[in-house]
Amino acid sequence: ARRIWLTRHGQSEYNQVDRIGGDSSLATPGEVYARCLPEMLLERLPLVGLERARIEEIVAGVAAGTGGPAATSAPDPNADPADPGPEPVPVPVSVWTSTLRRTIQTARYLPFPKLRWKALDEIQAGACDGLTYEQIAQQYPDEFMARCKDKLRYRYPAGESYLDVIQRLEPVIIEMEREKECIVVVGHQAVLRAVLGYFMAKPLASIPTLDIPLHTLMELRPRPDGTMDYEFIPIP
Ligand code: F6P
């Protein structure tokens, strides 16, 4: 059966100092999470019908740093015809990231084909980008209060609101529904709140405060009636 996995990027340098937005790299705990992620996902693959031996082959490829099926699926023009190299592994999984460093780095070790979506980038905080919530409260007290009052509709100066994010995610969600294969979405807090809220049919007003913890894999399983089951997968 098809699965959709959602995860935030690993902890970033900005997360460590409570700054929002930006395009920082992963901090050390985030890098550790990125390295755990392939095994966590490969553990789930028997559920989508992949044979154990194939999975072990991919895990070995990841451990050896050869990249697994993503690296072997394209024909190598310099390959020795007498030695075609490892057989490409047909894995029904693709990985979608945003265009920001922290999601690309989190997906780096996943041995699946990857796609970058600008529409998956984090909520744009405009004038507040790069600040901590404390700094926003000091420098822009009216903005801070307005956001507390109506987080769903509040739009950052020269930035976005949750409603803007929900709207720009529409093409991504249409593709997620159309796609037959499994998808791993490596995203951001606000964006994943919107995606999860949509698939779990949450009330719009609850979306800006849904719990999307760092270093956690969320698994969505379509039910026959079109709704989804949802589970947190712990780190092994
Ligand atoms: O703090 C991480 C982060 O992804 C920020 O970049 C973003 O502005 C924020 O979370 C979104 O969460 P909230 O809407 O609760 O501020």
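His215 is partly exposed, having 19 other C-beta atoms within 10 Å. In this predicted model, His215 belongs to the loop between helix H10 (189-199) and strand S5 (217-222). Although His215 is not a glycine, its phi is positive, at about 55°. The protein chain around His215 holds 10 helices and six strands, and 31% of its 236 residues count as buried.

**The loop between H10 and S5**

- Ala201 also lies in the loop between H10 and S5.
- The phi of Ala201 is near 50°, a positive value in a residue other than glycine.
- Most residues other than glycine have a negative phi.
- Ala201 is exposed, because 9 other C-beta atoms lie within 10 Å of its own and the limit for an exposed residue is 12 or fewer.
- His215, by contrast, is partly exposed with its 19 other C-beta atoms within 10 Å, since a buried residue needs 20 or more.

**The sheet**

- Six strands form an open sheet, and their order is S3-S2-S4-S1-S5-S6.
- The pairing within this sheet is mixed.
- Strand S3 (114-116) and S6 are the edge strands, each of them pairing on one side only.
- On average, neighbouring strands of this sheet are turned by 20° against each other, with direction ignored.
- Strands of a sheet pair through backbone hydrogen bonds, in either a parallel or an antiparallel manner.

**Strand S5 and its partners**

- S1 and S5 pair in the antiparallel sense, over four bridges.
- Trp5 stands opposite Glu219 in S5.
- On the pairing with S6, Glu219 stands opposite Glu231.
- S5 (residues 217-222) and S6 also pair in the antiparallel sense, here over six bridges.
- Leu220 stands opposite Tyr230 in S6, and Arg221 stands opposite Asp229 in S6.
- The hairpin of S5 and S6 has five residues between the strands, and Gly226 in this hairpin takes a positive phi near 95°.
- None of the six residues of S6 (residues 228-233) is buried, so this strand lies largely in the open.

**Helix H10**

- H10 packs on the sheet and touches strand S1 (4-8), strand S4 (182-187), S5 and S6.
- The direction of H10 makes about 150° with that of S1.
- The buried residues of H10 are Ala190, Val191, Leu192, Arg193, Ala194, Val195 and Leu196.
- These buried residues pack against S1, H8, helix H9 (170-178), S4 and S5.
- Ala201, with its positive phi near 50°, follows H10.

**The surroundings of the ligand**

- Asn15, Ile20, Gly21, Glu122, Ile123, Ala125, His188, Gln189, Ala190 and Pro208 surround the ligand.
- By class, this shell consists of five nonpolar, four polar and one charged residues.
- Ala190, one of the residues around the ligand, is also among the buried residues of H10.

**Contacts across the sequence**

- Asp150 is found in the loop between helix H7 (141-149) and helix H8 (162-168).
- Asp150 counts as exposed, because it has 12 C-beta neighbours inside 10 Å.
- Asp150 and Pro208 are 58 residues apart in sequence, while their C-alpha atoms are 9.5 Å apart in space.
- Pro208 is also one of the residues that surround the ligand.
- Among the contacts in the protein chain with a separation of 6 or more, 61% join residues 24 or more positions apart.

Technical notes:
Residues numbered from 1 in each chain as written. Predicted model: local features only at pLDDT ≥ 70, side-chain atom pairs only at ≥ 80, totals over all residues. Helix = DSSP H or I, 4+ residues; strand = E, 2+ residues; numbered from the N terminus. Pairing = 2+ DSSP bridges. Near = placed C-beta within 6 Å. Nonpolar A, V, L, I, M, F, W, Y, C, P; charged D, E, K, R; others polar. Axes fitted to C-alpha atoms, helices over the stretch in contact; angles between N-to-C directions. Contact = placed C-beta atoms within 7 Å.
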